[in-house]
Amino acid sequence: MPTCPECDVAIDIEEEDLEEGQIVECPECGAELEVVSTNPLEFDLVKDEEEKDDEEEAW
Ligand SMILES: [Zn+2]
């Protein structure tokens, strides 16, 4: 059974329902996981691309 890369919980999910590139949500921590492989089933953590750097110091 595949595990969440974020919280390491075993994810009980039907392999047949998944396609590569599909995004699923971890039921434990809510992290978005991309299906990088279906055989064997593997997940990769989806990183938020909208990184906001609001720590500008204009002084
Ligand atoms: Zn998780």
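## A tour of a three-strand chain

Buried residues make up 5% of the 59 residues in this chain. A residue counts as buried if 20 or more other C-beta atoms lie within 10 Å of its own. Keep in mind that the model is predicted.

**Start with the whole chain.** Show the C-alpha atoms. They fill a box of roughly 55 × 20 × 15 Å along the principal axes. The radius of gyration is 15 Å, whereas a compact globule of 59 residues would have one near 10 Å.

**Switch to cartoon view.** How many helices and strands does the chain have? The count is 0 helices and 3 strands. Follow the sequence and the pattern reads β-β-β.

**Select the three strands.** Pick 23-25 for S1, 32-38 for S2 and 41-45 for S3. Together they form an open sheet, in the order S1-S2-S3, with antiparallel pairing. Why is one side of S1 and of S3 left without a neighbour in the sheet? Strands S1 and S3 stand at the edges and each has a single partner strand, so one side of each stays free of a sheet neighbour. Now turn the sheet and look for its twist. From one strand to the next, the twist averages 45 degrees.

**Zoom in on S1 and S2.** Strands of a sheet pair through backbone hydrogen bonds. Here, 3 bridges join S1 to S2, and the two strands run antiparallel. Next, select Glu 25 and Glu 32. Glu 25 stands opposite Glu 32, which belongs to S2.

**Finish with the contacts.** Take the contacts in the chain with a separation of 6 or more. Residues 24 or more positions apart account for 22% of them.

Conventions: Residues numbered from 1 in each chain as written. Predicted model: local features only at pLDDT ≥ 70, side-chain atom pairs only at ≥ 80, totals over all residues. Pairing = 2+ DSSP bridges. Helix = DSSP H or I, 4+ residues; strand = E, 2+ residues; numbered from the N terminus. Axes fitted to C-alpha atoms, helices over the stretch in contact; angles between N-to-C directions. Rg over C-alpha atoms; globule rule 2.2 N^0.38 Å. Buried ≥ 20, exposed ≤ 12 C-beta atoms within 10 Å, placed from the backbone. Contact = placed C-beta atoms within 7 Å.
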